[in-house]
Amino acid sequence: MTEERAMEILSENIGELTERSRRAEAQRQICLRELIDRLLRSGEASDAEGLYRRFRAALPDADRTDRAMLCAEMARDARTAAGLLRRSRSAGAEETAAGAHGKVAMIRTRYNEEAFSVFSEAITGAKRSYVSSFAEACEEVYDNRCEFCVLPLENETDGRLFGFYAMLDRYELRVCAACTLESEERGERVLYALAGRNLPDRIPKDVPWGLEFSLTAEHGGGAEDVLRVATLFDAVLSKLDSLPVGYGDGMQCFYYRFRMSPSMAAAMELFLVCEYAEYNCIGICPYMGKNR
């Protein structure tokens, strides 16, 4: 047999194996979707985490993409989407003290006042409570004297303001709503957060939502995984930053911000909670105001 003929045979074999692999994957996807559909019709629509555990038990060899597909299908199915949204609203939520309802701790500045005006559309009985520092604003919420506080999160000059993200973590707060304002003095856009433990109770309809979180991973592996499955949730990446966790260990903390529908955000959050031990939810929230 000539060398040329041997290469032709190998090429034909590779082509045939590639086609078989393609057909096998197509059949696998059909079976996977059938399994997911049967789980969604199993009568446990309100228990999203229970469905996730059943899926893992039924398909122990499933990879992360398979499990992400399950969560995305939960968000698309009316029987399970409501359960996902209830789960996301209750995560980290706490009962607000009677005197704190509607109170928003904030520093008295023009832009904080503008942010308050935007956020007050979503808060029943919104009331300002002026403080002298951002740390004091966070303490007011942490000690349950106010329901929310206003913090800047990002500007176009400095990017993500990590000092304020550290405050969210230190005082165990989440981003409950966000808005972008134009700064006339500096000619840039500034992202503000309404931070607290509970979502506001009058969120306007038809506003975009976002999921913001951090994830610690080694050598960027976590970032690649998350970006790969994000498309299953119809998620649009709007911001990705990273910081080294320490020196010389290769660990990075990645900060993500995605835009997507509320149900998809809740579904992706469930997936991340179940799959990544180092996942930290910064907020599932609406983006309000004219510059959203």
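Which side chain does a polar contact of 2.3 Å join to that of Glu275? It is the side chain of Tyr52. Hi everyone, and thanks for coming. Before I go on, please keep in mind that this is a predicted model.

Let me stay with Glu275 for a moment. Glu275 is found in helix α9, which covers residues 262-275. Is Glu275 buried or exposed? With a relative accessible area of 10%, Glu275 is buried. Leaving aside residues up to four places away in sequence, Glu275 touches Tyr52, Arg56, Arg64 and Arg67.

One of those contacts is also a salt bridge. Glu275 pairs with Arg56, and their closest N and O atoms are 3.7 Å apart. This pair links distant parts of the chain, since Glu275 sits in helix α9 and Arg56 in helix α2 (residues 48-58), 219 residues apart. The partner, Arg56, is partly exposed, with a relative accessible area of 37%. There is a wider picture here too: a network of salt bridges links Arg56, Arg64, Arg67, Asp225, Arg228 and Glu275.

Arg64 has another role in this tour. Which ring does Arg64 lie over? Arg64 lies over the face of Tyr276, at 4.1 Å from the ring centre. A second example is Arg259, found over the face of Tyr287 at 3.8 Å from the ring centre.

Now, how many salt bridges does the structure hold? There are 28 salt bridges in the structure. I'd like to show you two more of them.

First up, Glu113 and Arg128. Their closest N and O atoms are 2.7 Å apart in a salt bridge. Again distant parts of the chain are linked: Glu113 belongs to helix α5 (residues 110-119) and Arg128 to strand β2 (residues 127-131), 15 residues apart. Glu113, at 19% relative accessibility, counts as buried. Since the cut-off for buried is under 20% relative accessible area, that label for Glu113 at 19% rests on the threshold. Arg128, on the other hand, is partly exposed, with a relative accessible area of 42%.

Next, Glu212 and Arg257. This salt bridge has its closest N and O atoms 3.1 Å apart. Glu212 lies in strand β7 (residues 209-218) and Arg257 in strand β9 (residues 251-260), so the pair ties together parts that are 45 residues apart in sequence. Both Glu212 and Arg257 are buried.

On to the aromatic rings. A pair of rings is described by the distance of the centres and the angle of the planes. In this model the count comes to 12 aromatic pairs. One of them, Phe134 with Phe164, is edge-to-face, at 4.9 Å centre to centre and 90° between the planes. Phe134 is in helix α6 (residues 134-142) and Phe164 in helix α7 (residues 162-170), so this pair ties together parts that are 30 residues apart in sequence. As for burial, Phe134 counts as partly exposed at 21% relative accessibility, while Phe164 counts as buried at 16%.

For a contrast in geometry, take Tyr256 and Phe258. Their ring centres are 6.1 Å apart and their planes at 15°, so the pair is stacked. Tyr256 is buried with a relative accessible area of 0%, and Phe258 is buried with 1%. These two rings also belong to a cluster, where ring pairs link Phe213, Phe254, Tyr256, Phe258 and Tyr279.

Let me finish with some secondary structure. Back in α5, the helix of Glu113, 7 of the 10 residues are buried, so to speak of α5 as mostly covered is fair. Among the buried residues of α5 are Tyr111, Ala115, Phe116 and Phe119.

And how many of the residues of strand β3 are buried? In β3 (residues 148-155), 8 of its 8 residues are buried. What does β3 pair with? Strand β1 (residues 103-107) runs parallel to β3, joined by 2 bridges, and there Ala105 has Cys149 of β3 as its bridge partner. With strand β6 (residues 188-196), β3 pairs in the antiparallel sense over 7 bridges. β3 also pairs with strand β4 (residues 159-160), antiparallel over 2 bridges, and a hairpin joins β3 to β4 through 3 residues. Asn155 takes part in both antiparallel pairings: its bridge partner is Val190 in β6 and Gly159 in β4.

That's my tour, and I'm happy to take your questions.

Notes
Residues are numbered from 1 along each chain as its sequence is written. This is a predicted model: local features need pLDDT of at least 70, side-chain atom pairs count only at pLDDT 80 or more; totals for chains, interfaces and linings use all residues. Side-chain values use heavy atoms; hydrogens and water are left out. Rings of Phe, Tyr and Trp (its six-membered ring) pair if their centres lie within 6.5 Å; planes under 30 degrees apart count as stacked, over 60 as edge-to-face and the rest as tilted. Helices (H or I, at least four residues) and strands (E, at least two) are DSSP runs, numbered from the N terminus. Buried means under 20% relative accessible area, exposed over 50%, partly exposed in between (1.4 Å probe, protein chains only). A charge sits over a ring if NZ of Lys or CZ of Arg is within 6 Å of the ring centre and within 35 degrees of the ring normal. A polar contact is a pair of N or O atoms within 3.5 Å; within protein, one must be able to donate a hydrogen and the other to accept it, and residues adjacent in sequence count only if both atoms are side-chain atoms. Contact means heavy atoms within 4.5 Å. A salt bridge is a side-chain nitrogen of Lys or Arg within 4 Å of a carboxyl oxygen of Asp or Glu. Two strands pair if DSSP finds at least two bridges between them.
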